[in-house]
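User: I should like to work through the empty spaces and the ligand site of a protein model, one question at a time. Please explain the reasoning behind each reply.

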Amino acid sequence: MEETSQQNKKVVYSAVQPSGNLTIGNYVGSIRNWIDMQDDYTCYFAIANMHAITVRQDPALLRRHTLELAALYIACGLDPEKCALYVQSMVPQHAELCWTLNTVTYVGEMQRMTQFKDKSAKHADNINMGLMDYPVLMAADILLYLADYVPVGADQTQHVEIARDIAIRFNNRFGETFRVPEALIVKQGAKIMSLQEPTKKMSKSDENINASVYLSDDKDTVIRKFKRAVTDSDNRIVASEEKPGVSNLLAIYCAFRGCTLEAAEKEFEGRGYGDFKLAVGETVADAIAPVQAEQKRLLVDKTYLNGVLKEGAERAFKTARRTLNKVYRKVGFYQGE
Ligand code: TRP
């Protein structure tokens, strides 16, 4: 019975890189949206440490951030009984499938990817092969589990598109093998902008410390950052294209309150920016405080976390091995008798 219902469920796959310092944008744009999917889908949520090393990482910190992200997943409400929570490098089929998919992917199309161009500009001294291959590894992640849906932030749409192209191309060449995945882009809060330059996306690695609010920030820090957020001089709390700062703050408020834009505008009608910024800051700080507390509690229990990640990897491995065997058969790899 269990097995049958499992098999009929659609499959969801997503991942986050353990690069430390997740912002509130990562939270509302990705992890938070996964919580409701656990009951309706077969879910795989990975910690993409193999993607993370495409830019330089400190090894000890990378290991630390991996555990922190695992604890955060659980603190946000992902249930290791319901979904496979695992570390990408613990399931060898990701790298193996990536190699095969590399042979149906063209250098030109990888060079044209927006993120590759951005990251190449940013890390001009380290334009490594992995950076260019990033989308193929991501395609391997998704296709290994025959995912139907990939919930991601808006900046990852192009990567899911490429995964679809690769799946279709492989299927055309070798016969039906992969399911063609679909991106699920969250609407509310899909794009949270920098508090300092509200026309730019809020980023984990912004040099201006007041630009991004981190999930690890304490209440005072959160409130201080919102107080310093760039707005404008007309003192009206409405969303519009000419008011990117105020629009962003309203979007953040709505994402954390779960209210509509109209309701938020109404709530703040006639009030000043000072009041408004404080309200947004408090809302965010109060929303992330319980998550932080739970993450901290979990991080103390290494045995538990290790157990969750081991079991998650075992579950992922079973599916991944089945898909990879099929792929190897299709491409004509000798697999013994
Ligand atoms: N590239 C994604 C990001 O930075 C993380 C990621 C890796 C991912 N593999 C994935 C997301 C597979 C969805 C599916 O956000």
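User: Which helices each supply at least two residues of the lining of the largest cavity?

Analyst: The model is a predicted one. The lining of its largest cavity consists of Met-113, Gln-115, Phe-116, Lys-119, Leu-131, Tyr-134, Pro-135 and His-159. Helix H7 covers residues 114-122, and helix H8 covers residues 129-144. The helices that each supply at least two residues of this lining are H7 and H8.

User: How much space lies in the largest cavity?

Analyst: The structure holds one cavity of 30 Å³ or more. Its lining divides into five nonpolar, two polar and one charged residues. The space in the largest cavity is about 40 Å³.

User: What volume does the largest pocket have?

Analyst: A pocket, unlike a cavity, is an open set of points. This pocket is also the space taken by the ligand. The volume of the largest pocket is about 1,500 Å³.

User: Which helix gives the largest share of the lining of the largest pocket?

Analyst: In total, 48 residues line this pocket, and among the closest to its centre are Gln-115 and Lys-119. Several elements each supply at least two lining residues, including strand E1, helix H2 (24-34) and helix H9 (157-174). The largest share is five residues, and the helix that supplies them is H7.

User: How many charged residues are in the lining of the largest pocket?

Analyst: Lys counts as charged, as does Asp. Asp-155, Lys-201 and Lys-204 are among the lining residues closest to the pocket centre. By class, the lining has 15 nonpolar residues and 22 polar ones, and the number of charged residues is 11.

User: Which helix supplies the largest share of the shell around the ligand?

Analyst: The ligand is surrounded by 13 residues, with Gln-17, Tyr-134, Met-138, Asp-141 and Gln-156 among the closest. Strand E1 (11-16), helix H8 and strand E4 (149-152) each supply at least two residues of this shell. The largest share is four residues, and they come from H8.

User: Which class of residue is represented by eight members in the shell around the ligand?

Analyst: The shell contains four polar residues and one charged residue. The remaining class, with eight members, is nonpolar.

User: What percentage of the area that the ligand exposes when taken alone does the protein bury?

Analyst: Three side chains illustrate how the protein meets the ligand. A polar side-chain atom of Gln-17 is 3.1 Å from a ligand oxygen atom, while N or O atoms in the side chains of Tyr-134 and Asp-141 lie 2.6 Å and 2.7 Å, respectively, from a ligand nitrogen atom. Taken alone, the ligand exposes 360 Å², and the part of this area buried by the protein is 90%.

Technical notes
Residues are numbered from 1 along each chain as its sequence is written. This is a predicted model: local features need pLDDT of at least 70, side-chain atom pairs count only at pLDDT 80 or more; totals for chains, interfaces and linings use all residues. Side-chain values use heavy atoms; hydrogens and water are left out. A residue is near a molecule or strand if one of its heavy atoms lies within 4 Å of it. A polar contact is a pair of N or O atoms within 3.5 Å; within protein, one must be able to donate a hydrogen and the other to accept it, and residues adjacent in sequence count only if both atoms are side-chain atoms. Accessible areas come from the Shrake-Rupley method with a 1.4 Å probe; for residues, only the protein chains shown count as cover. On a 1 Å grid over the protein atoms alone, a cavity is a set of points where a 1.4 Å probe fits but cannot get out, and a pocket is an open set with protein on both sides within 12 Å along at least five of seven lines; lining residues have an atom within 4 Å of a point. A molecule sits in a cavity or pocket if more than half of its atoms lie within 2 Å of its grid points. Grid points are joined across faces, edges and corners, and a volume is the space filled by probe spheres set on the points.
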